Amino acid sequence: MLPCINKFFIINIISLFLSIFFRMSTVVRVKGEECPLSNFFPCTLRIDFLSFIAEEFSSVEQAYQASKADFLDDQETLEMIMGTHDPRKIKKISHRMDHHHRKPEWDEGRSYFMSLLLECKLRQV
């Protein structure tokens with residue numbers, strides 16, 4: 001049994017499924033790449049609507065940050081993100097975009113976009 005599985009973990013799973021199913025804005029907080037619900041959890045993801053960026057992603061975090069870099073036309077950061085599989089490094093690299101390239105359109109759609117990525121992950125993992 002994974003160390004992070006307990007009754008709160010089960011509640012988070014149920015909450016996540018309900019929020020995806022009903023497209024509600026419920027926020028589920030999960031930390032640590034050893035937990036399957038974490039965006040840092042290592043897994044091979046094939047995401048058809050992102051195939052123009054890469055055939056596969058090593059985590060939801062990589063797919064999300066690569067999409068953000070592509071949306072913000074930050075090719076240098078995109079290459080750095082796709083050049084590593086360590087989600088903590090990817091998160092650190094992504095902070096470059098927060099200060100230099102803000103677009104309100106990204107901020108408006110990022111939660112929905114994340115829900116699409118999580119739905120892809122849950123179908124594949």
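This passage describes a helix contact, the aromatic residues around it and the salt bridges in a predicted model.

In the predicted model, helix 2 spans residues 60-71 and helix 5 spans residues 104-124. The axes of these two helices come within 10 Å of each other and cross at roughly 145 degrees. The crossing of helix 2 and helix 5 is right-handed. On the side of helix 2, the contact is made by Val60, Ala63, Tyr64, Ser67, Lys68 and Phe71. Helix 5 contributes Glu105, Trp106, Arg110, Phe113, Met114, Leu117, Leu118 and Lys121. By residue class, the contact of helix 2 with helix 5 comprises nine nonpolar residues, one polar residue and four charged residues.

Tyr64, one of the helix 2 residues in this contact, has a relative accessibility of 10% and therefore counts as buried, the cut-off being under 20%. When residues up to four places away in sequence are left out, Tyr64 touches Trp106, Arg110, Phe113, Met114 and Leu117. Each of these five partners is also listed among the helix 5 residues of the contact. A further spatial relation of Tyr64 is that to Lys91: the two residues are 27 residues apart in sequence, and their C-alpha atoms are 9.9 Å apart in space.

Five aromatic pairs are present in the structure. One of them is formed by Tyr64 and Phe113, with 6.4 Å from centre to centre and 40 degrees between the planes. This geometry is classed as tilted, because the angle is neither under 30 degrees, as for stacked planes, nor over 60 degrees, as for edge-to-face planes. Tyr64 lies in helix 2 and Phe113 in helix 5, so the pair ties together parts that are 49 residues apart in sequence. Phe113, like Tyr64, is buried. Both residues belong to one aromatic cluster, which also includes Phe49, Phe71 and Trp106. Of these cluster members, Phe71 is listed on the helix 2 side of the helix contact, and Trp106 on the helix 5 side.

The count of salt bridges comes to four. Two of them involve Arg46: the side chain of Arg46 meets that of Glu55 at 3.8 Å, N to O, and that of Glu56 at 3.4 Å, N to O. Arg46 and Glu56 are 10 residues apart, and both are placed in the loop between helix 1 (7-22) and helix 2. Arg46 has a relative accessible area of 46% and is partly exposed. Glu56, at 40% relative accessibility, likewise counts as partly exposed. For both residues the class follows because the values fall between the limits of 20% and 50%.

Another salt bridge joins the side chains of Arg123 and Glu119 at 2.8 Å, N to O. Both residues lie in helix 5, four residues apart, which is about one turn of the helix. Arg123 has a relative accessibility of 68% and so counts as exposed, the limit being over 50%. Through shared partners, salt bridges join Arg46, Glu55 and Glu56 into one network.

Terms used. Residues numbered from 1 in each chain as written. Predicted model: local features only at pLDDT ≥ 70, side-chain atom pairs only at ≥ 80, totals over all residues. Heavy atoms only, no water. Axes fitted to C-alpha atoms, helices over the stretch in contact; angles between N-to-C directions. Left-handed = near helix turned anticlockwise from the far one by under 90°. Contact = heavy atoms within 4.5 Å. Nonpolar A, V, L, I, M, F, W, Y, C, P; charged D, E, K, R; others polar. Phe/Tyr/Trp six-rings, centres within 6.5 Å; stacked < 30°, edge-to-face > 60°. Buried < 20%, exposed > 50% of the residue type's maximum accessible area, 1.4 Å probe, protein only.
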